[in-house]
Amino acid sequence: MVMPTTDALSIQNLSVNFGNKTALRDISLDIHKGELLGIIGPTTSGKTTFLTVLNRMIDTLPDAKVRGRIRMGDLNLLATQQVQSVRRRVGMIFALPVALPLTIRGNVEYGPRRSGVRDPGILDVLVEDSLKAAGLWEEVETRLDSPALKLSGGQQQRLCIARALALKPEVLLLDEPCSGLDPLSTARVEDTLIALRGDVTIVLVTNNPYQASRVADRTAFFLGGELVELNDTKALFTLPKDERTQAYIEGKFG
Amino acid sequence: MNPSVKRSPPRGKGPRVTLRATYRKPWSERLLEGGVHLAAWLCILFVVLILFFLARESGGLVFKDVFQVVGRYWRPISEPPQFGVLPLLAGSLLVTLTATAIAVPLGVGAAIYIGEFAPPQVREILKVSVEFLAAIPSVVIGFLGMIVLAPLVKSLFNLPTGLTALSASLMLAWMAMPTIVSLTEDALRSVPDTLRHGAYALGATRWQTIRRVLLPAAKPGILAATMLGVGRVIGETMAVLMISGNAARIPHSVLEPIRTLTATIAAEMGETVQGSDHYQALFSLGLVLFGITLVVNTIADRLVHRGETS
Ligand SMILES: Nc1ncnc2c1ncn2[C@@H]1O[C@H](COP(=O)(O)OP(=O)(O)O)[C@@H](O)[C@H]1O
Ligand SMILES: [Mg+2]
């Protein structure tokens, strides 16, 4: 395992409410630079909410109330007005791949173009690099200008990863990225994530603890909006400290 | 196709034969099926009938020398009469294009505001107003045009008369707007939120998302909305008759009076003798309109369809 030197994100006392419903309660954790952090937990445990806070997608939900502090380098992430810039630095991939109604190339270029990159040469390089990093290049190299919606689900999900990578993000958030994919496509996405780890900090929310045990450096267990346990993946799965963690992974594995 | 082939049981395929034998469509189902079949065929029949009667009443005048599609003068009661369609065609074309150019940007813009920006209460108020606007009879809009809009255009551009192509176009744009607004809004609404979020997550602003993601995704719907709006503009008669100035001359600008195909038919039909050249000429205009509608619809269909598949 890589020993990180600094933290990509440092989260202190983060709480989120929707009306009078608490979705996250007093979460504090540091996400190391370059690590692949897995997050497991049953549905409604707050995993998605946690990710949406990290790139300010939570701003699109009008009744969400966020408290706490998140530091990204020198940036006070929850206070900044530069929401678009936060979202470029912290990319997000959703459970259902959503290719934009553009060509394959258009999807990958979308982010860079919106942030002002116009030079065709630079864009071409970005497209190729990002698709290669997402492990999709060989499959689409010859049809970059055909509609992205014609790709299979697994390919679209890797396209979404490429699209996010084209912005050269520091952090990549993935919310159950394989829940709609078949085992083969899942394996390809996992390979992609493993290859990316180190260069990009990855937070992978998964409803499948197996997946976390396969790919994550550290794993966090969320339950009812609380962070129950965070440890090296191997330790968490073999010797969970909290009995709720144990119950969850036994229930899932048994 | 020979129906007996379809009905005879395929030999050597036991199970399928039994299935056919045991399943009988219930009566109500057969009745309904027959009903919708009939309705569908009636639609086609009506179109064919309209074409047939138009052709019959026009008495083949379309093919005679007096009736000239590219003729420059429409003088039905001079001696000899001249039936040149060009001024009417130009009038129709001018108001249709001008009205479309006004109505589409305004309508799509209003739909974007209603669908993407307006707070919920404002949205409801706007939607109800738009629907109300759609329900106003065109004659009433024509009145408004005559007493409010025409004098305004007259004084604004310092013209001898306010009854011009521009006034008619503004009226028509107003009438086409509700259709365009509500259908475009539906199209935008049907774009899934996942797409919006996908674009936001890539750091796109609201406007960037609308321009590059929502509008392209809603394009087939917006095109359909536009074409239906244009359809209303082409077919509208009364308001145009009241406010366009009624001059069958080839216009050189939108500030001149014009006359459209539809207005000509409506205005002159009462004065003709059945079977006369004038009568036949008006039906020939009907044929021309029919042709135009056919072409516009075909193009619209192609456009909408292409948008859907790509
Ligand atoms: N937009 C929202 N409005 C209201 N409540 C929400 C919203 N999003 C999430 N919640 C609530 O927050 C809690 C955590 O949800 P979520 O973060 O989606 O959990 P998970 O991703 O682990 O399934 C749930 O109780 C859910 O009902
Ligand atoms: Mg979730």
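Trainee: Where is Ser244(B) placed in chain B?
Mentor: The model is a predicted one. In it, two helices of chain B flank Ser244(B), namely H11 (238-243) and H12 (261-268). Ser244(B) sits in the loop between H11 and H12.

Trainee: Is Ser244(B) buried or exposed?
Mentor: Buried means under 20% relative accessible area. The relative accessible area of Ser244(B) is 0%, so Ser244(B) is buried.

Trainee: Which backbone oxygen does the side chain of Ser244(B) reach?
Mentor: Ser244(B) touches residues including Leu163(B), Ala168(B) and Pro257(B), leaving aside residues up to four places away in sequence. Its side chain also reaches a backbone oxygen at 2.7 Å. That oxygen belongs to Val240(B).

Trainee: Why is H8(B) called oblique to H9(B)?
Mentor: Two packed helices are described by the angle between their axes and the distance between the axes. Helix H8 (residues 193-201) and helix H9 (residues 206-217) of chain B have axes 10 Å apart and an angle of about 140 degrees. That angle makes H8(B) relative to H9(B) oblique.

Trainee: How many nonpolar, polar and charged residues has the contact of H8(B) with H9(B)?
Mentor: The crossing of the two helices is right-handed. From H8(B) the contact draws on Leu195(B), Arg196(B), Ala199(B) and Tyr200(B), and from H9(B) on Arg206(B), Thr209(B), Val213(B), Leu214(B) and Ala217(B). Sorted by class, these are six nonpolar, one polar and two charged residues.

Trainee: Which backbone oxygen lies 2.7 Å from a polar atom of the side chain of Arg218(A)?
Mentor: Arg218(A) lies in strand E9 (residues 218-223) of chain A. With a relative accessible area of 11%, Arg218(A) is buried. Among the residues it touches are Glu35(A), Asp232(A) and Asp30(A). The oxygen 2.7 Å from its side chain is that of Asp30(A).

Trainee: What is the relative accessible area of Leu54(A)?
Mentor: Leu54(A) is in helix H1 (residues 47-54) of chain A. Not counting residues up to four places away in sequence, Leu54(A) touches Leu9(A), Ile11(A), Ile31(A), Ile70(A), Leu77(A), Val86(A), Val90(A) and Leu173(A). Leu54(A) is buried, and its relative accessible area is 0%.

Trainee: What separates the C-alpha atoms of Leu54(A) and Pro101(A)?
Mentor: Along the chain, Leu54(A) and Pro101(A) are 47 residues apart. In space, the separation of their C-alpha atoms is 26 Å.

Methods
Residues are numbered from 1 along each chain as its sequence is written. Chains are lettered from A and ligands numbered from 1 in the order in which they are written. This is a predicted model: local features need pLDDT of at least 70, side-chain atom pairs count only at pLDDT 80 or more; totals for chains, interfaces and linings use all residues. Side-chain values use heavy atoms; hydrogens and water are left out. Helices (H or I, at least four residues) and strands (E, at least two) are DSSP runs, numbered from the N terminus. Buried means under 20% relative accessible area, exposed over 50%, partly exposed in between (1.4 Å probe, protein chains only). A polar contact is a pair of N or O atoms within 3.5 Å; within protein, one must be able to donate a hydrogen and the other to accept it, and residues adjacent in sequence count only if both atoms are side-chain atoms. Contact means heavy atoms within 4.5 Å. Axes are lines fitted to C-alpha atoms, for helices over the stretch in contact, and angles run from 0 to 180 degrees between N-to-C directions. Angles under 35 degrees count as roughly parallel, over 145 as roughly antiparallel, 65 to 115 as roughly perpendicular and the rest as oblique. A crossing is left-handed if the near helix is turned anticlockwise from the far one by less than a right angle, and right-handed if clockwise. Ala, Val, Leu, Ile, Met, Phe, Trp, Tyr, Cys and Pro count as nonpolar, Asp, Glu, Lys and Arg as charged, and the others, Gly among them, as polar.
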